[in-house]
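Trainee: I would like a close look at a single part of this protein. Please take the nonpolar core and the sheet beside it in the discussion.

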Amino acid sequence: MIAQVFVDTNIFVYRHDESDPSKQACAEEWITFLARSRTGRLSFQVLQEFYVTLTRKERLAYDPAEVREIVRDLIAWRPVATDARILERAWVLQDQHAVSWWDALIVAAAQSCGCSVLLTEDLQHGHDFGGVRVINPFRARSETPARIMEAQPC
């Protein structure tokens, strides 16, 4: 069985950002793997941040209608909604690990849907947040998504 993977906003953004072809290819590989294996998860926070980033950044400036279609497609990943339990968990994570509020919400959402991996470049690679291990896909470039995922506990 393959572990569930929570994908942070930056990975989805890099998939659509042509300014760094290496990161774009890596993000594409991960997202394709997770979509095919149906092991990718995200939150509505990620969808919101993704939409704003792609439509408002000067260097990206995607057409909002195009980004809306991408967001609609990502609904198949069963986004987690922020609720009272996630807020409470995020406050604890923020205090215990000295992470930003937004990162604490991401980790709490990953925990709430049973993910054992959080794919992001925003947190320390390899750090474990109560059973959710951070993987920076751009740091672990020598590993394929399948190899990394098979090594994760289910």
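Mentor: The core comes first, then the sheet. This is a predicted model, in which local features need pLDDT of at least 70 and side-chain atom pairs count only at pLDDT 80 or more, while totals for chains, interfaces and linings use all residues. Residues are numbered from 1 along each chain as its sequence is written, and side-chain values use heavy atoms, with hydrogens and water left out.

A nonpolar core here is a set of buried Ala, Val, Leu, Ile, Met, Phe, Trp, Tyr and Cys residues joined through side-chain atoms within 4.5 Å; buried means under 20% relative accessible area with a 1.4 Å probe, protein chains only. The largest such core has 48 residues, and F6 and F12 touch the most other members. Helix 6 (residues 101-112) supplies the largest share of this core, seven residues. Helices (H or I, at least four residues) and strands (E, at least two) are DSSP runs, numbered from the N terminus.

Beyond its neighbours within four places in sequence, F6 is in contact (heavy atoms within 4.5 Å) with residues including R41, L42, I106, A109, V117, L118 and L119.

As for the sheet, five strands form an open one with mixed pairing, in the order 2-1-3-5-4. Two strands pair if DSSP finds at least two bridges between them. Strand 2 (40-41) and strand 4 (128-129) are the edges, each pairing on one side only. Strand 3 (residues 117-119) runs parallel to its partner strand 5 (residues 132-135), over three bridges. In this pairing L118, one of the contacts of F6, stands opposite V134 in strand 5.

Technical notes: Buried means under 20% relative accessible area, exposed over 50%, partly exposed in between (1.4 Å probe, protein chains only).
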